[in-house]
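Okay, thanks for making time, everyone. I'd like to walk you through one model today, so let me put it up on the screen.

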Amino acid sequence: MKKILFAFLASGILMVSCKEKEDDDDKDSKKSEVKKEETPTMPDSATMMKNWMAYMTPGDMHAMIAKSNGTWDGETTMWMAPDAPPTISKSVAVNKMVLGGRYQVSEHKGEFSGMPFEGMATLAFDNTKKVFISTWIDNMGSGIMKLEGPWDAASKSITLTGKVVDCMMGGETNMREVFKMVDDDHQVLEMYSATPDGKGEFKTMEIKYTRKK
C-alpha cells in the first residue's frame, strides 16, 4: 500500500513539474513572439530607396497648393473672447512654392491694433503621413505654431489641429484651423480656440482672402 501511495505521489509531482515546464516554455514562446512583433523588419535597399523617392516627390496635393501662388488681399475679423465685439483689419499675403515645389511659403503684412504686423506661414503635404502640416511665426510672439490635419475633398478644405501657446493665460490651449479653398480666387481661413472653461471652442479669427488681379 505504501509503495502504491509513493508511486502515486511521485507521479503527481512529475506531472506538476512537467506542467510548470510547459508553462515556462509557453511564456518564453509568447515573449519571443512579442519581441518579434516589436522589432520591425528592415526592408531591402531597393524598397528603402523607393519609399524615400515616394516621400520626396511632389504629387497632386502639392500641385493643388501651388495654385494658390500669388498675391492675396486679406480681410481679418478677430474675436478676443466668445462674447467680445470683433475687430477688423486688412492684410496682404504673398504665396510661393519653394524647394522644388514641395512647400509653400506665405508672407503676410498688415496692421493689428494700430501696430505693423508681419507673419510667415509654411504649408506642406507629408506624402507618408498623408496629412497637411502648417507652421506659423509672426512679430507678435516668439514661438512657432504647428498644426496638422487631412484634406476633405467634399468641402474643399483642410482641417488642422494642435496645441498652441496661450501667452496671456500661460500654458497651452487646443487650436483648430479650417482652410477652405472656395474657388481659384477666394479662400477662407477660420481659427477656433478653447473656451475659457475648456469645455468647448469659439471662433477667434476669420480671414477672407481674395486673389489680387
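I'll start with the overall fold, then go to the strand pairing, one histidine and one pocket.

First, a reminder that what you're looking at is a predicted model. The protein chain has 3 helices and 11 strands. If you read along the sequence, the order is α-α-α-β-β-β-β-β-β-β-β-β-β-β. On burial, 27% of the 213 residues count as buried. The surface comes to about 14900 Å² exposed, and carbon and sulfur atoms supply 61% of that. For those of you who like contact maps: take the contacts with a separation of 6 or more, and 32% of them are between residues 24 or more positions apart.

Okay, strands. Which strands does S1 pair with? Going one way, S1, residues 70-78, runs antiparallel to S2, residues 87-98, and 9 bridges join the two. If you want a spot to zoom in on, threonine 77 has isoleucine 88 in S2 as its bridge partner. S1 is also joined to S11, residues 201-211, again antiparallel, by 7 bridges. There, look for aspartate 73, which stands opposite threonine 210 in S11.

Now, a residue I'd like you to click on: histidine 108, in strand S3, which covers residues 103-112. Is histidine 108 buried or exposed? Its relative accessible area is 11%, and the cut-off for buried is under 20%, so histidine 108 counts as buried. What's around it? Setting aside neighbours within four places in sequence, histidine 108 is in contact with Val92, Ala93, Phe117, Glu118, Gly119, Trp136 and Tyr209. Val92 and Ala93 fall within the residue range of S2, and Tyr209 falls within that of S11.

Last stop, the second largest pocket. How big is its volume? About 190 Å³. Two elements, helix H2 (45-56) and strand S4 (115-126), each put at least two residues into the lining. S4 gives the most, with 3 residues. The lining includes Tyr55 and Met56, as well as Ala124, Phe125 and Asp126. Others to highlight are His62, Arg102, Tyr103 and Ile133, which are also among the lining residues. By class, that lining comes out at 7 nonpolar, 3 polar and 2 charged residues.

So that's the tour: the fold, S1 with its partners S2 and S11, buried histidine 108, and the pocket lined in part by H2 and S4. Happy to rotate the view if anyone wants another look.

Methods
Residues numbered from 1 in each chain as written. Predicted model: local features only at pLDDT ≥ 70, side-chain atom pairs only at ≥ 80, totals over all residues. Heavy atoms only, no water. Pairing = 2+ DSSP bridges. Helix = DSSP H or I, 4+ residues; strand = E, 2+ residues; numbered from the N terminus. Buried < 20%, exposed > 50% of the residue type's maximum accessible area, 1.4 Å probe, protein only. Contact = heavy atoms within 4.5 Å. Areas by Shrake-Rupley, 256 points an atom, 1.4 Å probe, with all protein chains shown as cover. 1 Å grid on protein atoms, 1.4 Å probe; cavity = no way out; pocket = protein on both sides within 12 Å on 5 of 7 lines; lining within 4 Å. Points joined across faces, edges and corners; volume = space filled by probe spheres on them. Nonpolar A, V, L, I, M, F, W, Y, C, P; charged D, E, K, R; others polar.
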